[in-house]
Amino acid sequence: MTDRVPPHAYFLVSAVFHYLGPAFAVLLFARVDVLGVAWLRIAAAAAVFVLWRRPWRTLAQGEGRGLLLGWGAVLAVMNCSFYLAIDRLPLATVAAIEFLPVVALAAFGARTPRNVAALLLAVPGVYLLTGVQLEGEALGVALAFVNAGLFALYIVLAHRVSQLGTISGIDGLAASMLVALVVVTPMAGWAALPAIVDPIALLAGIGVGISSSVIPYISDQLAMRRLARATYALMVSLLPATATVIGVIVLAQVPSWNELLGVALVIVGVAVHRERDPEVGSAAACSSTESEHSSPVGPQGSARPPRASLPLVERESPSPT
């Protein structure tokens, strides 16, 4: 059944939800504390994965347990820093900053002309996006870079889990999401308590979790199975543009010309970027965040699951950011 749907359609679903979930989260900040929304996102996603994948069985196997614990801890802190950042900065700015460490790691690791060129494009792009913000929101910029650094670490851990061979991408993500819930509860669980007696906020928080850390991550897996790695990498480069469009439509965050130029430079830099090992077919990703963001689920955010070339962020990784 799933093979009848074009893989590009799955990616389109992932790209939209990778930042649509965080955009809805920003709207929810008016009813629930920022950290409370982050907790609700992880808790909702963890509940879905617990019912679907039984992640405690993956953790009980023993193999890769340390990696899964580290992956989940990074996921928890990454989501909190991502939400604290988008509470202070435009969604497009945080999304673009999220990709800088990925491009930088590739440039310093491989030192190919393509990766150096990618870095030379991405750095000025991020500078244009952050230069305007430093005077009024230095804390927001700092949080965005913390999220970006954790996103890069998330990629490394997710890639190592994918190399174990005995754990599927979704099972590894499910186990790490359960760990993330345990880690994030002492940090942010208290902030979600008001939502328990607010049915609208509670349902909205569950919706944020499903749209940020479940839908994009599953879509990523379905897309990566059938898309060539180079094609997937090129499509991932469009995510900052997706964040910009969603920021305009949902949050009325209209970018300046400098910010549009910055996003464009980051997009080109990510498109030019290449990973060190061309044989790796399942590097980490969110939504994302993504997580997410993803993804490398950038992202996803950025809580994000493993991606073929670049993760996203909720992200939602994370991003998945």
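Here are some questions and answers on how the helices pack in this predicted model.

Me: How do the axes of α1 and α13 lie to each other, parallel or oblique?
Reply: Take helix α1, residues 7-28, and helix α13, residues 239-251: their axes come within 9 Å and cross at roughly 40°. Angles under 35 degrees would count as roughly parallel. That cut-off isn't met, so α1 relative to α13 is oblique.

Me: Which hand does the crossing of α1 and α13 have?
Reply: The two axes cross at roughly 40°. As α1 passes α13, the crossing is right-handed.

Me: How many charged residues are in the contact of α1 with α13?
Reply: On the α1 side you'll find A15, V16, Y19, L20, A23, F24, V26 and L27, and they meet L239, T242, A243, I246, V250 and L251 of α13. Sorted by class, that contact has 13 nonpolar residues and 1 polar one, and the number of charged residues is none.

Me: Is I249 of α13 buried or exposed?
Reply: I249 sits in helix α13, and its C-alpha is 9.6 Å from that of A23, a residue 226 places away in sequence. Buried would need under 20% relative accessible area, and exposed needs over 50%. I249 has 65%, so I249 is exposed.

Me: What does the length of α13 look like against the expected span?
Reply: α13 has 13 residues, and at 1.5 Å a residue the expected reach is 18 Å. From first C-alpha to last, the model's value is close to that: 17 Å.

Me: Which residue with a positive phi follows α13?
Reply: Look in the loop between α13 and α14 (257-272). The residue there is something other than glycine, yet its phi is near 55°. With a relative accessible area of 60%, the residue is also exposed. The one that follows α13 is A252.

Me: Where is R54, the non-glycine with a positive phi?
Reply: R54 has a phi of about 50°. Its relative accessibility is 33%, so R54 counts as partly exposed. Its place is the loop between α2 (34-53) and α3 (55-60).

Me: How far apart are the end C-alpha atoms of α8?
Reply: Helix α8 covers residues 169-188, which makes 20 residues. At 1.5 Å a residue, α8 should span 28 Å. The model agrees with that, because the end C-alpha atoms are apart by 27 Å.

Me: What is the relation of α4 to α8, oblique or perpendicular?
Reply: The axes of α4, residues 65-86, and α8 come within 7 Å and cross at roughly 55°. Roughly perpendicular takes 65 to 115 degrees, so α4 and α8 don't qualify. The crossing is right-handed, and by angle α4 relative to α8 is oblique.

Me: How many nonpolar residues are in the contact of α4 with α8?
Reply: α4 brings residues including L68, W71, A76 and C80, while α8 brings, among others, L173, M177, V183 and M187. By class, there are 3 polar residues and no charged ones, and the nonpolar count is 16.

Me: Which residues does V183 contact, sequence neighbours aside?
Reply: V183 lies in helix α8 and, at 27% relative accessibility, counts as partly exposed. Its C-alpha is 8.3 Å from that of V77, although the two are 106 residues apart along the chain. Leaving aside neighbours within four places in sequence, the contacts of V183 are A73 and A76.

Me: Is T58 buried or exposed?
Reply: T58 is in helix α3. Beyond neighbours within four places in sequence, T58 is in contact with L68, I167, D171 and A175; of these partners, D171 and A175 are among the buried residues of α8. Its relative accessible area is 7%, and the cut-off is under 20%, so T58 is buried.

Me: How far is the C-alpha of G205 from that of L28?
Reply: G205 lies in helix α10, residues 199-213, and is buried, with a relative accessible area of 1%. Apart from neighbours within four places in sequence, G205 is in contact with L28, L40, R41 and A44. G205 and L28 are 177 residues apart along the chain, and their C-alpha atoms are separated by 7.7 Å.

How values were computed:
Residues are numbered from 1 along each chain as its sequence is written. This is a predicted model: local features need pLDDT of at least 70, side-chain atom pairs count only at pLDDT 80 or more; totals for chains, interfaces and linings use all residues. Side-chain values use heavy atoms; hydrogens and water are left out. Axes are lines fitted to C-alpha atoms, for helices over the stretch in contact, and angles run from 0 to 180 degrees between N-to-C directions. Helices (H or I, at least four residues) and strands (E, at least two) are DSSP runs, numbered from the N terminus. Angles under 35 degrees count as roughly parallel, over 145 as roughly antiparallel, 65 to 115 as roughly perpendicular and the rest as oblique. A crossing is left-handed if the near helix is turned anticlockwise from the far one by less than a right angle, and right-handed if clockwise. Contact means heavy atoms within 4.5 Å. Ala, Val, Leu, Ile, Met, Phe, Trp, Tyr, Cys and Pro count as nonpolar, Asp, Glu, Lys and Arg as charged, and the others, Gly among them, as polar. The expected span of a helix is 1.5 Å times one less than its number of residues. Buried means under 20% relative accessible area, exposed over 50%, partly exposed in between (1.4 Å probe, protein chains only).
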